Amino acid sequence: MTIVQQVQPPWTAVLTDGEHTLMLFAVVGAALALLATLVRVRFASTEVQGEFRTASLTANAVVAIALASYVLIIGSLLLGYHATKAGWVPAATAQYAWALRYADWAITVPLLIVELLAVSLSRSAARRTAARRVGMVLAFAMILLGFVGAFVVDSGRSFQALALLGGLSALCFLGLAILILRTTLYSLPRMVLNARPAYRSAVLLLLTVWFAYPLVYGLQGTTSGGGWAVTGVVILSAADVVAKVGFSSLVHRTAVLQSRAEEDASPATSRRPRQPEADSLWVEDHHRYERDADSSTG
């Protein structure tokens with residue numbers, strides 16, 4: 001891995017057998033993690049009711065889109081490289097193993113904002129709607145600017161375009177971070193106590209893992225070679241799993257606890273049927289089922 005003056009995109013690097021295998025291992029592992037999460041989220045979404053159900057439904061969409069993109073990325077890696085004596089030589093289609101990620105992020109990153117705001121509190125419905133719109137626009141612009149710099153201008157070989165558009169993308173990220181932190185500072189003190197740790201962890205996890213993406217973007221303009229290409233794929237795959245799997249699990253937990261608190265606050269509201277085996281939190285709160293059974297028979 002060497003420092004370069006002229007940008008050499010990672011999809012142009014010739015890979016060794018080990019590098020090609022490690023790259024496939026990373027993306028296949030991420031795809032399997034997303035598949036497992038999709039199954040879990042699909043069945044666990046019934047645990048949430050009311051306005052918080054938006055978070056679970058959005059998580060379904062996020063994980064499904066990410067899984068579909070990883071299937072296409074795996075296909076691009078298999079078809080985009082040809083084994084030769086010199087190593088695995090990339091074809092023109094190898095770039096799609098990277099470009100498809102941006103198509104994924106252009107949809108899923110705005111949806112992650114929707115997912116977080118769905119379990120957050122707001123002064124009014126109008127403010128929540130405005131925050132959701134601003135957040136989605138900033139998220140989409142952040143990804144679009146990065147994509148144009150990494151692929152469109154001079155096919156990703158212009159260092160000036162990478163730097164300029166990367167800087168503009170960073171400004172969008174800064175705006176998103178401010179929006180999320182302001183929402184968190186308002187929501188956290190007003191949230192039910194047992195939901196606060198999961199909500200706080202979800203916010204910290206999302207903001208932290210997002211730093212992995214500009215790191216890989218920046219390395220595209222300063223490094224080259226197969227080692228860098230594999231490093232980028234591994235970092236991005238791990239970050240995607242954390243952002244989609246870890247974050248969605250924490251948001252789902254927050255939504256479940258908020259939903260339960262809402263039910264307790266309105267005794268007249270019909271409670272949803274809950275089977276302990278289908279509830280991810282039933283072990284921690286199994287006495288709730290006994291109270292539910294007592295109330296239904298009474």
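## A walk from a buried salt bridge to the surface

Start by selecting arginine 101, which counts as buried at 2% relative accessibility (buried is under 20% relative accessible area, exposed over 50%, partly exposed in between, with a 1.4 Å probe and protein chains only). You're looking at a predicted model, where local features need pLDDT of at least 70, side-chain atom pairs count only at pLDDT 80 or more, and totals for chains, interfaces and linings use all residues. Residues are numbered from 1 along each chain as its sequence is written, and side-chain values use heavy atoms, leaving out hydrogens and water.

**Stop 1: the charges.** Which side chain does arginine 101 meet in a salt bridge? Add aspartate 240: N to O is 3.3 Å (a salt bridge needs a side-chain nitrogen of Lys or Arg within 4 Å of a carboxyl oxygen of Asp or Glu). Aspartate 240 sits in helix α8 (residues 226-265) and arginine 101 in helix α3, so this pair ties together parts 139 residues apart in sequence. Helices here are DSSP runs of H or I, at least four residues, and strands are runs of E, at least two, numbered from the N terminus. Aspartate 240 is buried too, with a relative accessible area of 2%.

Now pick lysine 244, whose salt bridge with aspartate 240 has its closest N and O atoms 3.4 Å apart. Lysine 244 and aspartate 240 are four residues apart in helix α8, about one helical turn. Show Arg101, Asp240 and Lys244 together and you have a salt-bridge network; the structure holds two salt bridges.

**Stop 2: the rings.** Across the whole structure there are nine aromatic pairs (Phe, Tyr and Trp rings, the six-membered one for Trp, with centres within 6.5 Å; planes under 30 degrees apart are stacked, over 60 edge-to-face, the rest tilted). Select tyrosine 102 and phenylalanine 151: their centres are 5.5 Å apart and their planes at 80°, so the pair is edge-to-face. Tyrosine 102 is in helix α3 (residues 96-118) and phenylalanine 151 in helix α4, 49 residues apart. Tyrosine 102 is buried at 13%, and phenylalanine 151 is buried at 10%.

Next, try phenylalanine 173 and phenylalanine 211, an edge-to-face pair at 5.3 Å centre to centre and 75° between the planes. Phenylalanine 173 is in helix α5 (residues 159-187), while phenylalanine 211 is in the loop between α6 (196-209) and α7 (212-220). Is each ring buried or exposed? Phenylalanine 173 is buried at 16%, whereas phenylalanine 211 is exposed at 52%.

**Last stop.** Finish on arginine 127 in helix α4 (residues 125-152), partly exposed at 48% relative accessible area.
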